[in-house]
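Student: I am new to this structure and should like to be guided through it. May we look at it together, one question at a time?

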Amino acid sequence: MKRRHGVDISAAATPSFSSDPAETRATLSSSKGGDRSIASLFRQNTPLAANSARSQAITDAIAYFICKDIQPYSVVENEGFKQLVHILDPRYKIPQRAFFTDTQIPALYIKVKKEVMESLSNAKRVAITVDGWTSCATHSYITVTSHHIDNEWNMKNYVLQTRIYNEAHTGLNLSVFLRDVCCEWKLEDKKPALVTDNARNMLLAGAGADMEPHIRCIAHTLNLSSQKALKVETVSALLVKIRKLVTFFHKRPKACGALHEVQAQLKLKDHKLIHDVTTRWNSSLDMMERLWEQQAAVTLTTRKMKSRSRGENLPDLTEEDITLMPEIIKLLTPLKTATKCLSEEKTPTISIIAPTLAKLLEHFDPDDSDLPVISEMKDKFRQDFSTRYTYIQDFLWKASALDPRFKALEFLDDDHTRDTVYLGITAEVENMAEEDGRLNERQATNPENEQSSHREEEDEDDDPEPPMKKSALDLMFGSFSSPRAHKKSSRERAKEETAKYRGRDCLDLHGDVLQWWKKQVDLPLLSKLAKTYLSIPATSVPSERVFSTAGDIVTAQRSLLLPEHVDQLIFLKKNLTLSHVR
């Protein structure tokens with residue numbers, strides 16, 4: 001055969017063996033188990049049933065991918081995505097886009113919403129933050145987030161809803177909106193606290209909805225007060241110069257390239273200049289800090305540009321400007337640090353407001369060594385900031401007292417004020433104990449409880465236990481002794497717990513506040529009160545952070561996305577976890 005037809009029968013009949021032992025074993029197994037190989041081949045080419053566990057798991061994973069990675073629904077129609085899924089499992093058939101839009105993701109939304117509502121139902125208090133934004137399709141939305149501490153002392157933060165709102169944003173309309181939110185999410189009995197910006201309509205809305213306390217976002221307040229300081233004439237003129245320089249380098253590629261060359265020569269960091277944005281907190285400080293860092297490179301580059309007649313309109317930074325910049329940076333940097341600390345979501349922040357107020361007012365105290373411009377900035381800041389939180393001062397002091405890091409209240413001036421704060425806490429603990437006692441009494445007199453107790457008594461009668469044999473002491477002196485222990489009053493329990501708490505060491509500033517409280521099993525009443533305070537955020541940053549997510553979802557290419565789909569996608573982006581799809 002080989003001579004006439006060029007076919008080597010022995011080579012065709014004998015399986016070839018690879019140098020790789022694994023391939024050799026695979027070849028042998030395939031030659032020995034031909035029937036099994038054929039069966040597996042058929043299984044590989046058989047499409048998965050849509051209701052099979054494997055198919056449902058892949059569909060769930062695709063829905064998770066769409067929600068968490070902010071992918072458009074149309075991703076399931078993309079050629080690259082189809083090929084990826086085919087390589088991973090050729091038996092799986094990707095459902096149509098409409099299935100994810102109308103069935104899979106709405107079902108996932110309902111499932112997660114049910115879990116969120118169950119979590120909220122177990123909370124002692126729920127705080128909500130509210131803020132509005134406008135999409136690229138010019139639709140007005142309002143986002144609501146919730147915050148509470150669960151039974152395991154973990155901070156829980158959820159995005160509740162992002163709904164289109166076409167009504168006028170008046171205080172009255174927004175108060176109705178807030179009441180509707182509390183009704184839909186069953187928060188009426190959770191003593192809901194409200195955190196918003198300082199807008200007048202929001203202040204009226206909180207009062208109209210009877211939501212207390214109403215915390216005005218501390219980050220927004222710091223920004224407002226710092227803007228007052230930056231409007232000092234000399235500082236405002238300096239910022240105008242800096243903006244012109246930054247704009248020049250942003251819009252001129254050649255100037256930007258020249259700046260990079262000078263940065264390399266001076267061995268400065270290859271950082272781009274920053275332009276401030278009116279609505280972005282601390283951005284003017286960021287712009288000034290970056291220019292100060294790159295001041296030498298910017299000065300040399302602008303001189304080169306002017307020598308080549310390419311930067312005739314560029315402003316010159318004077319010696320006074322260069323002297324003033326580091327002083328302004330030094331003055332405003334604590335505001336940036338405070339904003340960062342107060343914008344955390346996983347740890348309590350309401351308790352940081354009062355110490356922050358004290359520290360910042362101390363920092364902005366006038367000093368004889370200050371430049372005249374800095375003195376004027378301090379004065380403008382203090383005038384605007386010093387009275388911002390007098391309306392809720394007592395509440396903020398109590399919040400700090402219930403934080404083991406600040407419970408010594410060292411930011412207050414005298415012991416009398418500290419004692420007054422703790423007297424207020426003791427009174428609240430006492431009221432809470434009495435309220436719990438009344439609730440227990442109502443539960444004890446509930447007919448359903450009585451029926452269950454009767455059934456238990458009947459069960460016990462069916463198999464009565466033999467009476468305990470009395471000792472000689474019982475027979476002799478039983479009438480003289482009373483087994484009843486003294487039952488402490490609510491006031492006594494409140495005073496005792498407060499005294500124990502004050503006597504304990506403060507927690508380190510980097511310590512875990514919530515886990516510290518979890519371990520205080522001998523302070524049940526005070527722990528319950530701490531939950532109602534520490535669950536409230538200091539800022540409305542959580543709802544404002546949703547704006548960036550919303551901007552990634554409602555893009556120019558997806559401007560026709562229906563409002564209910566916007567709500568579902570933002571909700572699932574923030575609240576969906578792997579446990580929901582496994």
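Student: Which residues does Met377 touch, leaving aside those up to four places away in sequence?
Tutor: A contact here means heavy atoms within 4.5 Å. With residues up to four places away in sequence not counted, Met377 touches Ala229, Leu230, Val232, Val235, Ile328, Leu331 and Leu332.

Student: On what kind of model do these statements rest?
Tutor: Residues are numbered from 1 along each chain as its sequence is written, and side-chain values use heavy atoms, with hydrogens and water left out. Local features need pLDDT of at least 70, side-chain atom pairs count only at pLDDT 80 or more, and totals for chains, interfaces and linings use all residues, for this is a predicted model.

Student: How many residues has the largest nonpolar core, and which element gives the most to this core?
Tutor: A nonpolar core is a set of buried Ala, Val, Leu, Ile, Met, Phe, Trp, Tyr and Cys residues joined through side-chain atoms within 4.5 Å. Buried means under 20% relative accessible area, exposed over 50%, and partly exposed in between, with a 1.4 Å probe and protein chains only. Met377 and Trp517 have the most contacts inside the largest core. That core has 89 residues, and the element that gives the most, with nine residues, is H15.

Student: How many residues has the other core, which lies apart from it?
Tutor: Among the residues of this other core are Phe81, Tyr165, Trp185 and Ala209. The number of its residues is 53.

Student: How many helices and strands does the protein chain have?
Tutor: Helices (H or I, at least four residues) and strands (E, at least two) are DSSP runs, numbered from the N terminus. The protein chain comes to 26 helices and five strands.

Student: What share of the residues in the protein chain is buried?
Tutor: The chain exposes about 33,400 Å², of which carbon and sulfur atoms supply 52%; this area comes from the Shrake-Rupley method with a 1.4 Å probe, and for residues only the protein chains shown count as cover. Of the 582 residues in the chain, the buried share is 43%.

Student: In what sense do S2 and S3 pair, and over how many bridges?
Tutor: Two strands pair if DSSP finds at least two bridges between them. S2 covers residues 140–149, and S3 covers residues 155–164, with seven of its ten residues buried. Thr143 stands opposite Thr162 in S3. The pairing is antiparallel, over nine bridges.

Student: Which residue in the hairpin of S2 and S3 takes a positive phi?
Tutor: This hairpin has five residues between the strands. The residue with a positive phi, near 60°, is Trp153.

Student: Why does the salt bridge of Glu184 and Lys113 tie together separate parts of the sequence?
Tutor: A salt bridge is a side-chain nitrogen of Lys or Arg within 4 Å of a carboxyl oxygen of Asp or Glu, and the structure holds 25 of them. The side chains of Glu184 and Lys113 meet at 3.0 Å, N to O. Glu184 lies in helix H8 (residues 171–184) and Lys113 in helix H7 (residues 97–121), so the parts that the pair ties together are apart in sequence by 71 residues.

Student: Is Lys113 buried or exposed?
Tutor: Its partner Glu184 counts as partly exposed, at 27% relative accessibility. Lys113 has 18% relative accessibility, so this residue counts as buried.

Student: How far apart in the chain are Glu345 and Arg545?
Tutor: Their side chains meet in a salt bridge of 2.8 Å, N to O. Glu345 is in the loop between helix H15 (319–342) and helix H16 (353–363), whereas Arg545 is in helix H25 (residues 541–553), and the pair is apart by 200 residues.

Student: What is the separation of the C-alpha atoms of Arg382 and Ala229?
Tutor: Arg382 has its place in helix H17 (residues 372–385) and is partly exposed, with a relative accessible area of 25%. Along the chain, Arg382 and Ala229 are 153 residues apart. The separation of their C-alpha atoms is 9.0 Å.

Student: What span does helix H26 reach from its first C-alpha to its last?
Tutor: The expected span of a helix is 1.5 Å times one less than its number of residues. H26 (residues 563–575) has 13 residues, and its buried residues include His565, Phe571 and Asn575. Close to the 18 Å expected, the span that H26 reaches is 18 Å.
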